[in-house]
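Open the model in a viewer and keep the selection tool at hand. The stops below are meant to be taken in order.

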Amino acid sequence: MDGRTFFRAFRGGGGGKNGMSELVRLTEVTKVYQGGITGALNGVSLIVEKGEFTAIMGPSGSGKSTLLNLVAGLDRPTSGSVAVGGTDLGKLGESGLARFRRDNIGFVFQFFYLLPNLTSLENVLIPAQLKGSDATARARELLGKLGIQDIADRFPARLSGGQQQRVAIARALINSPTLLLADEPTGALDTHTGDQVMELLGQLNRDGQTILLVTHDAKLATRHAARVISVMDGKIVDDARLESPERAASEVIRVRSEEASR
Ligand SMILES: Nc1ncnc2c1ncn2[C@@H]1O[C@H](COP(=O)(O)OP(=O)(O)OP(=O)(O)O)[C@@H](O)[C@H]1O
Ligand SMILES: [Mg+2]
C-alpha cells in the first residue's frame, strides 16, 4: 500500500482504540467571549484517551488556547460540556474547580512563569504546598528525571530558557496530574532547545503521562505526538492518529494545506 493509503488507514481519531480509556470529553463546546462577534470555539466535540500524546495545531486566533483553558477548568464554555476523568466540570463550583485543577491538571506555559524570588526546587514545590504535602524528595527526583538536578538551588534569573521550562514542567508534574496541558511550551525556545523539551515530553508520555499540547510547529508536532488535531476558526478540521509519527509527518502538512485552501 502506498503512503497515502497507509496514512488514511489511521485517520479519523476521536473514536478511541480498543483497550484505551477516555480521559477528556468535549461535547459540542462553543465559547463566545464577552464582546466577541464570532465564537472562539464553535461546536467542538473531542475525546482524548488516557495515555495519548496529542498536539493541537492551527493559526493564531483559531481557538487553541481557549480549548486548552476549558479542559483545564480555567474558563467555562458558553454552551456544551467538558468532562475530565468522568467529572463534568460544569457541575463544579469555583472551589470545586480549583480543587479539580490542583489534583488533576498540570499546566506548562510558553513563558514559564516561575516565581523569581524562589529557587528551582522551591518553584517545583509550590503546587505540593497548596496540597499540604511535603514533596521535596519527589521534587528532587523529578529534577533528576528532567536532567536538571544540579540547578535545584538556583534562582530562575540564572537559568537558560530550556532549564526554566524544565523547572516549569517539574512544577506541573509534582502533584502527579492525570493530564499534562502545555500551551506553546517551545514557543520561547530556540529550535534545538525546543526539540529537547519535546523529547522530554515524549519520554514522559512513554512513561504513561497523558499530554495535550498546543504548538505552531508542525515538525515538532508530527515528530513527537501520536495524534495531531488541526483547528481553524474554532472548529476541528483534521484529526489524525499517526501510527508512525515521523513517517506520516509530510502527509499531515499536506492534508492541512489542502484544508486551508478549501
Ligand atoms: N479573554 C478573551 N476575551 C475576548 N476574546 C478573546 C479572549 N481570549 C481569546 N479571545 C479571542 O478568541 C479567539 C481565539 O483565541 P485563542 O487565544 O484561543 O487563539 P489561539 O489559537 O491560542 O491563538 P495564538 O496561536 O495566537 O495563541 C481569538 O479571536 C481571540 O482574539
Ligand atoms: Mg494561544
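The tour goes through two sheets, the helices beside them, and the surroundings of a ligand.

This is a predicted model, in which local features need pLDDT of at least 70 and side-chain atom pairs count only at pLDDT 80 or more, while totals for chains, interfaces and linings use all residues. Residues are numbered from 1 along each chain as its sequence is written, and chains are lettered from A and ligands numbered from 1 in the order in which they are written.

**Stop 1: the sheet of 4 strands**

Select residues 22-31, which are strand 1; helices (H or I, at least four residues) and strands (E, at least two) are DSSP runs numbered from the N terminus. Strand 1 belongs to an open sheet of 4 strands in the order 2-1-4-5, paired antiparallel. Two strands pair if DSSP finds at least two bridges between them. The edges are strand 2 and strand 5 (87-88), each with a single partner strand, so one side of each has no neighbour in the sheet.

Add residues 41-49, strand 2, which pairs with strand 1 over 6 bridges in the antiparallel sense. Arg25 has Ile47 in strand 2 as its bridge partner. Then add strand 4 (residues 79-84), joined to strand 1 by 5 bridges, again antiparallel. Here Leu26 is bridged to Val82, and Thr30 is opposite Ser79.

Now show residues 64-71. This is helix 2, lying across strand 1, strand 2 and strand 4 and running at about 125° to strand 1. Axes are lines fitted to C-alpha atoms, for helices over the stretch in contact, and angles run from 0 to 180 degrees between N-to-C directions.

**Stop 2: ligand 1**

Which residues are around ligand 1? Select Tyr33, Gly36, Ala40, Gly58, Ser60, Gly61, Ser62, Gly63, Lys64, Ser65 and Thr66; a residue counts as near if its C-beta atom, placed from the backbone, lies within 6 Å. This shell has 2 nonpolar, 8 polar and 1 charged residues. In this division Ala, Val, Leu, Ile, Met, Phe, Trp, Tyr, Cys and Pro are nonpolar, Asp, Glu, Lys and Arg are charged, and the others, Gly among them, are polar.

**Stop 3: the sheet of 6 strands**

Next, display the open sheet whose 6 strands follow the order 6-7-8-3-9-10, with mixed pairing. Strand 6 (105-108) and strand 10 (235-241) are the edges; each has a single partner strand, so one side of each is without a neighbour in the sheet. Neighbouring strands are turned by 15° against each other on average, direction ignored.

Zoom to strand 6 and strand 7 (residues 179-183), which are parallel and share 4 bridges. Phe107 has Leu181 as its bridge partner in strand 7. Helix 6 (residues 161-173) lies across these two strands, at about 165° to strand 6.

**Stop 4: helix 6 and helix 7**

Keep helix 6 and add helix 7 (residues 191-206): their axes come within 10 Å and cross at roughly 20°. Helix 6 is therefore roughly parallel to helix 7, a term for angles under 35 degrees. Gly161, Gly162, Gln165, Arg166 and Ile169 of helix 6 make the contact with Thr193, Gln196, Val197 and Leu200 of helix 7; contact requires C-beta atoms, placed from the backbone, within 7 Å. These residues divide into 3 nonpolar, 5 polar and 1 charged.

**Stop 5: helix 4 and helix 5**

Finally, select residues 120-131 and 136-145, helix 4 and helix 5, which pack at about 120° with axes 10 Å apart. Ser120, Leu121, Val124 and Leu125 in helix 4 meet Thr136, Ala139, Leu142 and Leu143 in helix 5. This contact has 6 nonpolar, 2 polar and no charged residues.

Definitions and conventions
Angles under 35 degrees count as roughly parallel, over 145 as roughly antiparallel, 65 to 115 as roughly perpendicular and the rest as oblique.
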